[in-house]
Amino acid sequence: MSTLDALDRAIILATQAGLPLVSEPYRAVAETVGATPDAVKARLERMHQEGVIRRIGAVPNHYALGYRANGMSVWDVPDEAIDELGERIGAFPFVSHCYHRPRHLPHWPYNLFAMLHAKTREEVEAQAGLIAEALGDADRGHLILYSTRILKKTGLRLNA
């Protein structure tokens, strides 16, 4: 990984709260940091490839969009198949993220987590039903843990 120069830091500072909500966000960032839009895009892409930036994408506020029955579904699946099963679950369009977590036996047997978003709990439960159907015998038990409050979602922030 390369070190960040002054322009990289300026781009991070200008985008760490999100890209500007304008028709040409890279141009707006470029004007802020004194570069061209192509230079901003190239720097962001390089930092992404080097792992400085994890991803560039939209982070929707599901609650504001009317998706108020958000639930983390947790699944007890065979460890030896978890990668394949995680890929299968993560491919569902209603799963925003899916990941492996360690079990904490004897109280917590769940090792696969998948976040579900819907407007009602009935919809979330129907989504979990589709996942259970896709898992078949690999579903050795699951729960849905519904969100009860919204936490602030931000990554690491640099100081100016």
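## Contacts and overall build

Two residues are in contact here when they have heavy atoms within 4.5 Å of each other. Now to the chain itself, which is a predicted model. Take the contacts between residues at least 6 apart in sequence: 64% of them join residues at least 24 apart.

The chain holds 5 helices and 4 strands. Reading from the N terminus, you get α-α-α-β-α-β-β-α-β. As for dimensions, the C-alpha atoms fill a box of roughly 55 × 35 × 25 Å along the principal axes. The radius of gyration is 20 Å, whereas a compact globule of 160 residues would come in near 15 Å.

## Surface and charge

How much of the chain counts as buried? The figure is 30% of the 160 residues. The accessible surface adds up to about 10500 Å², and carbon and sulfur atoms own 54% of that.

On the charge side, there are 18 positive and 19 negative side chains. The centres of those two sets sit 10 Å apart.

## The helices at the N-terminal end

Start with α1, which spans residues 6-15. Its buried residues are Asp8, Ile11, Ile12 and Thr15. They share one side of α1, because the arc they cover around the axis is only 100°. The cover over these buried residues includes α2 and α3.

Helix α2 takes in residues 25-33, and its buried residues are Pro25, Val29, Ala30 and Val33. Their arc around the axis is only 140°, so they too lie on the same side of their helix, α2. What do the buried residues of α2 pack against? Their partners are α1 and α3, the latter covering residues 37-49. Just after α2 comes glycine 34, with a positive phi of about 75°.

## Cysteine 98 in strand β2

If you're hunting for a cysteine to look at, cysteine 98 is in strand β2. Is cysteine 98 buried or exposed? Neither label fits: cysteine 98 counts as partly exposed because its relative accessibility is 24%, and buried would need a value under 20%.

Cysteine 98 and phenylalanine 113 are 15 residues apart in sequence, yet their C-alpha atoms are 5.4 Å apart in space. Leaving out residues up to four places away in sequence, cysteine 98 touches Gly86, Ile89 and Gly90, plus Leu112, Phe113 and Ala114.

## The loop between β2 and β3

Strand β2 runs over residues 95-100 and β3 over 112-116, and asparagine 111 is in the loop between them. Why does asparagine 111 count as buried? Its relative accessibility is 0%, so asparagine 111 falls in the buried class.

Which residues does asparagine 111 touch, not counting those up to four places away in sequence? One run of contacts is Trp75, Asp76, Val77, Pro78 and Asp79, and Ile82 is a contact as well. Tyr99, His100, Arg101 and Arg103 complete the set for asparagine 111.

Proline 106 belongs to the loop between β2 and β3 as well. The peptide bond joining leucine 105 and proline 106 is cis, with omega at about 10°.

Terms used
Residues are numbered from 1 along each chain as its sequence is written. This is a predicted model: local features need pLDDT of at least 70, side-chain atom pairs count only at pLDDT 80 or more; totals for chains, interfaces and linings use all residues. Side-chain values use heavy atoms; hydrogens and water are left out. Helices (H or I, at least four residues) and strands (E, at least two) are DSSP runs, numbered from the N terminus. Buried means under 20% relative accessible area, exposed over 50%, partly exposed in between (1.4 Å probe, protein chains only). The radius of gyration is taken over C-alpha atoms; the globule rule is 2.2 Å times the number of residues to the power 0.38. Accessible areas come from the Shrake-Rupley method with a 1.4 Å probe; for residues, only the protein chains shown count as cover. Lys and Arg count as positive and Asp and Glu as negative; His and the chain ends are not counted. The place of a charge is taken as NZ of Lys, CZ of Arg, CG of Asp or CD of Glu. The arc is that of the directions from the helix axis to the C-beta atoms.
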